[in-house]
Structures are given as C-alpha cells and as structure tokens.
Amino acid sequence: MMNLSKILDRQIVRSGQKIDVSLLWTTILMTAFSLLMIYSASIAYAADEGGDQYSFLYKQAGFIGLSMIVCVPISFFKMNFWKKIMPWYFALCGILLVVVLGVGREINGATRWLHIGPINLQPTEMFKLAAVLYLASLFTRKAEVLQSVKKIIKPGSLLVVGLILILAQPDFGSFVVIIVIIMGMLFLAGFPWKYFAMMVLMVLIGMGGLILAAPYRMARMAGFLNPWEDPLGKGYQLTHSLMAIARGEWFGVGLGASLEKRFYLPEAHTDFIFAVIGEEFGFLGMCVLVFCYGWLVVRAFSIGKQACDLDLIFSAYVANGIGIWIGIQSFFNIGVNIGILPTKGLPLPLMSYGGSAVLVMLVCMTLLLRIDYENRQKMRGYQIEG
C-alpha cells in the first residue's frame, strides 16, 4: 500500500505548481494583517511622540518593502548557494554581535540595535538564521559530530561564543530561542538519546543559574508567578495583557476599539501585539492566528521531510530549523501574552513591529518556498544538488 508521503509527492507533480501557493499566500496575508494591527496598536504611541498617527505603519510598510526587494532576488538562489556562503554569513553575524556591544543603541537597558541611518539593525535576529544554516551545513558535511558530545564540542563552540555575546546585550529571550533551535535540530538529526538528555539537563541548570544571577530576571519570574500581587510594578505588563484579552471575550470589541493599547499596555505594537489582537478580535481571532502559526510549522516540517526523502539533506535541516524557530518563538510570545510564561522581549513572527525581525523572517519564508520549489523540481526529474 502506497504511504501518504508518496501520494502527496505524486499530487504535487500532477498539480503542475512550481511553488507552494498556499504557503506564499499565508505569508502575504499574515504580513498584511500585521500592518493593520501595527497601525491599530501604535496610534497612542505615535501621538505620545508627537508624530503622525500613521508613522509606525509607514515605517513597517517600508521595512516590508525593503524585505521584498531583498527576498525576490534571493528566491532565485539555489540552496547550494546558501551552503557555500554560510561561513561568510555566520562570520558577518558574529562581527555584528561584537560591534553592537561597542557602538550599539541602548533601549530600555539593553544594547541590541545598530543605528544605521533610519534603520535600527538587530544582529541577534540575523544570528538566529545563521545558527540554522550553520547547523544544517555542519550536520550535512560532518555527520560524525552527531555520534557523541565530544565530537560536537569543538564545532559547537562557535555557537556558544555567539550565545555569550547575545547574553551580554542582554537578550535572554533570544538566547533561549536559539538554544531551543539548537537542541531541536540536534534531536531531529538523531543525536544519541543519552547525550541529548545530558545536554538538556545541563542547559536547564545553566538557564536556571542565569535567572538566579540576575535580579531583574528574578523580578520578572516573581511577576509571572503572581502578577496581581504588584499590578503597578512587576506585574504591570502581564495584568494589562490579561485584562485586554479578557475584555475581548469571544469575538472582540472591534478593530481599533482596544482601550488597553491606548492607556495602559506597554509595547502594544511589539511584544504585546497578540493581546491587542485578543481584545479587538476576541478568542476567535486568537485561535485563527494560532492556527496559522501551527500550519506554518507543520508545513515547514513537511517540506523538510520531503527534502530528506529526496536526499536534499541540507535543505531538510534548514526547513526543520525554520519550523522550530517559528514554532518556539510564536509559542514564547503568545505564552507571555496569556500569562503561562515569564515576560520576555520577543517579537511575534510576521506580526510585531520591527525591521530586522520582519526582514529575517520573510527571508526564512523565502527559503522555505525555495526548498519546496527544489523538491518539486527533483520530483519532476531535474537534477538538484543536495
């Protein structure tokens, strides 16, 4: 009996489509919806800064336009090209992580941004993609590193250096996201169970130590465990996020009618945009958005599985890494907004305001579409380099 993957492969060949149209349209619609919500959530901030109410909308539209200028040409680059330039891209990200600590712009006590003209570049977002490409290349070129901890320590040290530089900013949220990406890719690559369990335990102990060592992280943890004990201090963000979501009930108060974004909720257009969506579109709107993220993750893993079946191993690892990234970062952001995780400064993929985040995430979606395209080409009999 023919298995499901072979049936899907034949359907793709027969359809005649060169790319995954559903993935492309989902990305376009989510990006368009993000512009709507960023405008809605940022009106109060724009007014406080004495600017035009459309200022954040115009900036984000500019970021997306720039992203399209970048993504359209790179959609023609073969995945083998990414494998070749990976060392240069990884080195560039490492240099930027060093530079940002020296001349970066400090916002809210963190030095994470490089001010380049009208753009604030966040090297950490670029390093997330670098970590995915680095591990995909490493597992493809040197499969023996997956045999034990000793063999992976030396090549893994480069990632450790990058993680240390990210902690120095500090950016604990992105640090955790990259750690999960690394661990997830190791798991999917078949890293031995006993070594994997040992690494997970070491990572958990290390992150616990980092939380205990930083008073502000302990304060966030306390605010997470009982936000109502200090609603005007440690629990301010979470309590107002929960109130926004509760006010939305099942179907929301309507687009633009959120009260929390106007008077109380900090970072409504960035870290807490999901709470604004909950208030304006209700539980139903939140469920639709969660479904979209779930579908993106499933589709990324499906593309990765298909690439693996076609012996396009590098592409398979890249697709899986992107799937882990989208899944864990959206989970963290939504978890913070609904109160099941401590507060972290992480954007909601494809939704939050920010130039670096949307640029890198749209590049990732372009890579997924390219991998899917090469999968389809190989199923039609074309020669594709793995």
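**Exercise 1. Describe the setting and backbone of Leu-350, then compare Asp-311.**

Step 1. Leu-350 sits in the loop between α13 and α14 (355-379); helices (H or I, at least four residues) and strands (E, at least two) are DSSP runs, numbered from the N terminus. This is a predicted model, in which local features need pLDDT of at least 70 and side-chain atom pairs count only at pLDDT 80 or more, while totals for chains, interfaces and linings use all residues. Residues are numbered from 1 along each chain as its sequence is written, and side-chain values use heavy atoms, with hydrogens and water left out.

Step 2. The phi of Leu-350 is near 65°, a positive value in a residue other than glycine. Most residues other than glycine have a negative phi.

Step 3. Leu-350 has a relative accessible area of 6% and is therefore buried. Buried means under 20% relative accessible area, exposed over 50%, and partly exposed in between (1.4 Å probe, protein chains only).

Step 4. Asp-311 also has a positive phi, about 65°, although it is not a glycine. Asp-311 belongs to the loop between α12 and α13 (313-338). Its relative accessibility is 55%, so Asp-311 counts as exposed.

**Exercise 2. Find how far helix α12 departs from a straight helix, and what touches the bend.**

Step 1. Helix α12 covers residues 273-309. A straight helix of 37 residues would span 54 Å at 1.5 Å a residue; the expected span is 1.5 Å times one less than the number of residues.

Step 2. Between its end C-alpha atoms, α12 spans only 38 Å.

Step 3. α12 bends by about 125° at Phe-281. The bend at a residue is the angle between axes fitted to the seven residues ending there and the seven starting there.

Step 4. Trp-250, in the loop between α10 (236-248) and α11 (260-263), touches Phe-281, Gly-282, Phe-283 and Leu-284, not counting residues up to four places away in sequence. Contact means heavy atoms within 4.5 Å.

Step 5. Trp-250 and Gly-282 are 32 residues apart in sequence, yet 4.8 Å apart in space, C-alpha to C-alpha. With a relative accessible area of 58%, Trp-250 is exposed.

**Exercise 3. Examine helix α6 and the peptide bond in the loop that follows.**

Step 1. Helix α6 (residues 149-167) spans only 23 Å between its end C-alpha atoms, whereas a straight helix of 19 residues would span 27 Å.

Step 2. A kink of about 50° in α6 is centred on Pro-155. Pro-155 is one of the buried residues of α6, which also include Val-149, Ile-152 and Gly-156.

Step 3. In the loop between α6 and α7 (172-188) lies Pro-170. The peptide bond from Gln-169 to Pro-170 is cis, with omega near -5°. Most peptide bonds are trans.

**Exercise 4. Sort some salt bridges by what they connect.**

Step 1. The structure holds 8 salt bridges. A salt bridge is a side-chain nitrogen of Lys or Arg within 4 Å of a carboxyl oxygen of Asp or Glu.

Step 2. Asp-171 pairs with Arg-112, the closest N and O atoms being 3.9 Å apart. Asp-171 lies in the loop between α6 and α7 and Arg-112 in strand β2, so the pair ties together parts that are 59 residues apart in sequence. Both residues, Asp-171 and Arg-112, are buried.

Step 3. In the salt bridge of Asp-309 with Lys-305, the closest N and O atoms are 2.8 Å apart. Both lie in helix α12, 4 residues apart, about one turn of the helix. Asp-309 is partly exposed at a relative accessible area of 39%, and Lys-305 is partly exposed at 44%.

Step 4. Arg-370 and Glu-374 form another salt bridge, with 3.0 Å between the closest N and O atoms. They are 4 residues apart in helix α14, about one helical turn, and both Arg-370 and Glu-374 are buried.

Step 5. A network of salt bridges links Asp-20, Arg-299, Asp-372 and Arg-376.

**Exercise 5. Place Leu-129 and list its contacts.**

Step 1. Leu-129 lies in helix α5 (residues 123-141). Its relative accessible area is 3%, so Leu-129 is buried.

Step 2. Leu-129 touches Tyr-89, Trp-325, Val-360, Val-363, Cys-364 and Leu-367, not counting residues up to four places away in sequence.
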